[in-house]
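Welcome! Let us walk through this protein together, starting from one residue and working outwards to the whole chain.

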Amino acid sequence: MADLDAVLSRVRERALPDAEERERLRATAAELTERTRAAIADLPVEADVVQVGSTARGTWVSGDRDIDLFVRFPPNLDREELEEYGLAVGHAVLPEGHEEYAEHPYVKGVFEGFDVDLVPCHDIETAGDLISAVDRTPFHDAYLTERLDDDLAGDVVLAKAFLKGVGAYGSDLRTEGFSGYLTELLVAELGGFVPLVESARSWHPPVEFDPEGHAERTFEDPLVVVDPTDPTRNVAAVLSAANLARFQHYARDLLATPREALFEPRAPEPLDAGEVRDHLDRRETTPVAVVFDAPDVVDDQLWPQLRRSLDGVVRGLNEHGFDALRARAMVADGGDGGGESVRDGSARDGNARDERAALYVEVETATRPAVERHEGPPVAVRKHADRFYESYADDVDPDTYGPFIDGNRYVVEREREFTTVRGYLESDAAGDVALGAQIEPAFTHRDVLVGDAVATLADRFGRDLREFYEPRP
């Protein structure tokens with residue numbers, strides 16, 4: 001424990017904002033709050049403003065520059081007026097800002113070097129009176145403010161730095177990691193960072209925490225943390241099984257061999273084309289890539305569709321005998337997929353994109369024989385065996401062999417639909433798999449790369465390819 005304490009002490013010095021950084025943030029937030037109050041005064045309705053999120057609670061990692069202000073309007077204000085007044089305030093406070101969309105529009109901009117979100121919500125009495133998903137955020141802030149003293153707030157910063165370092169932080173649907181709110185709840189529930197990692201190393205999912213003991217439903221996620229302000233919501237719903245396992249792996253690693261490197265994010269250097277070819281030569285598999293224009297949607301809409309499409313392509317490859325070994329969806333947008341969002345179900349990046357996406361799959365074989373084996377039922381199973389036999393007995397296709405008996409069952413060997421992986425991926429059949437709704441039209445204009453040709457992707461997807469061919473836990 002002495003080694004761990006020494007490591008955590010050094011990490012605290014680096015990760016916790018110093019007095020100067022805290023004062024600069026406090027002064028900037030205060031100025032923004034006053035500007036917001038002035039803009040509210042010009043409205044025909046009553047409203048107030050509250051700062052929320054990690055920078056309001058003192059739980060941000062040094063260097064993070066996010067300020068989140070929520071403008072609370074009366075609960076009887078209709079949606080159109082909420083949007084109208086909320087955007088009016090946002091543009092008044094951030095005249096060079098732009099509109100993004102969570103459950104309803106809000107304004108995002110930069111002020112004095114800080115990234116600022118100005119979000120309208122309803123001023124409801126309890127979280128049970130929820131009108132919009134963002135309405136619960138001030139309740140999250142109030143709940144944690146009551147429970148996090150300075151020591152626990154410092155441990156939250158350690159936990160966030162650790163999750164960033166191991167690549168499991170960020171509640172967006174690209175990352176599917178730990179949100180800031182989830183991290184803070186876990187630290188508060190377990191009593192600190194060290195108790196959290198000591199607990200996590202022995203978790204056997206599904207794992208459930210219910211801080212208020214008020215859950216009103218069951219959940220099927222690998223980690224369940226019932227929202228203290230909403231008994232029907234799992235705060236960890238976005239967290240993937242892989243990122244939960246990654247956290248457990250590195251919790252064990254930290255406790256076994258404490259070191260600061262686990263708290264330092266690593267941005268992989270992109271592979272170049274030659275390095276990609278080196279991996280291909282060593283592995284002797286066949287890589288294939290389906291490349292197309294990424295739909296012009298925010299990340300939280302794009303990534304679920306990409307994963308659905310990747311699953312469909314992999315399933316199609318397996319069904320046609322090409323045996324997928326590993327697969328990855330990639331977008332050449334340079335985003336890090338991280339960041340903390342205080343808006344449930346929101347995306348940080350709401351701007352239009354002009355990027356390429358790729359569904360990248362390694363298959364064990366690129367070609368298949370001209371015929372495939374199709375087994376029928378055992379001959380003894382008369383009804384089904386007769387039906388199978390009769391369906392092929394009168395087949396005059398010269399490329400079909402049988403039916404004949406092999407062992408105790410009828411078998412035919414029939415012409416294979418696709419003998420090359422390229423033939424399948426370029427066919428209409430590849431477009432018939434389950435694709436994301438907005439991926440499907442882009443998929444029509446896809447490019448298919450097979451074998452060494454995928455090395456040309458290194459210019460756009462070099463970091464993804466590094467992570468694919470040199471994976472870490």
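Which residues does Asn234 touch, not counting residues up to four places away in sequence? The answer is Phe219, Asp221, Leu223, Val224 and Val225. Before we look more closely, please keep in mind that this is a predicted model.

To find Asn234, look in the loop between β7, which covers residues 223-225, and α9, which covers residues 241-256. Although it sits in a loop, Asn234 has a relative accessibility of 5%, and it therefore counts as buried, the cut-off being under 20%. Two of the residues it touches are also partners for its polar atoms. The side chain of Asn234 makes a polar contact of 2.8 Å with the side chain of Asp221. A polar atom of the Asn234 side chain also lies 2.8 Å from the backbone nitrogen of Val225.

Now step back and take in the whole protein. There are 15 helices and 14 strands to explore, and 49% of the 473 residues count as buried. Along the principal axes, the C-alpha atoms fill a box of roughly 85 × 60 × 50 Å. The accessible surface comes to about 22,200 Å², and carbon and sulfur atoms hold 45% of that. How do distant parts of the chain figure in the contacts? Among contacts with a separation of 6 or more, 71% are between residues 24 or more positions apart.

Let us turn to the sheets, beginning with one made of five strands. This open sheet has the order β1-β2-β5-β4-β3, and its pairing is mixed. At its edges stand β1 (48-52) and β3 (98-101); each has a single partner strand, so one side of each is left without a neighbour in the sheet. From one strand to the next, the twist averages 30°. If you follow β1 to its partner β2 (residues 66-73), you will find the two running antiparallel and joined by five bridges. Within this pairing, Val49 stands opposite Val71 in β2.

Two helices lie across this sheet. Helix α2, residues 19-41, lies across β1, β2, β4 (105-111) and β5 (114-122), and it runs at about 25° to β2. Helix α4, residues 79-93, lies across β2, β3, β4 and β5, running at about 155° to β5.

Just beyond β1 there is a glycine to pick out. Gly53 lies in the loop between β1 and α3 (54-57). Is Gly53 buried or exposed? With 2% relative accessibility, Gly53 counts as buried. For a sense of distance, its C-alpha atom is separated by 22 Å from that of Phe209, which lies 156 residues away along the chain.

Another open sheet has three strands, in the order β11-β13-β12, and here the pairing is antiparallel. The edges belong to β11 (371-378) and β12 (401-406), each with a single partner strand, so one side of each is left without a neighbour in the sheet. The twist averages 25° from one strand to the next. Between β11 and β13 (residues 409-415), the antiparallel pairing extends over six bridges. One pair to look for is Glu372 and its bridge partner in β13, Arg414. This sheet has a helix across it as well: α12, residues 382-393, lies across β11, β12 and β13 and runs at about 145° to β11.

Our last stop is helix α10, residues 273-283, where Val276, His279 and Leu280 are buried. Why do these buried residues line one face of the helix? Seen down the axis of α10, they fall within an arc of 100°, so they line one face. The general rule behind such spacing is that an α-helix has 3.6 residues a turn, so residues three or four places apart point the same way. What do the buried residues of α10 pack against? Their partners are β8 (286-293) and α15 (458-469). The face turned away from the buried side carries the exposed residues Asp281 and Arg282.

Both ends of α10 reward a look too. At the N-terminal end, Asp272 acts as a cap, with a side-chain oxygen 3.1 Å from the backbone nitrogen of Gly274. After the helix comes Glu284, whose phi is positive, near 55°.

Methods. Residues numbered from 1 in each chain as written. Predicted model: local features only at pLDDT ≥ 70, side-chain atom pairs only at ≥ 80, totals over all residues. Heavy atoms only, no water. Buried < 20%, exposed > 50% of the residue type's maximum accessible area, 1.4 Å probe, protein only. Helix = DSSP H or I, 4+ residues; strand = E, 2+ residues; numbered from the N terminus. Arc of directions from axis to C-beta. Contact = heavy atoms within 4.5 Å. Polar contact = N/O pair within 3.5 Å; in protein donor to acceptor, adjacent residues only side chain to side chain. Pairing = 2+ DSSP bridges. Axes fitted to C-alpha atoms, helices over the stretch in contact; angles between N-to-C directions. Areas by Shrake-Rupley, 256 points an atom, 1.4 Å probe, with all protein chains shown as cover.
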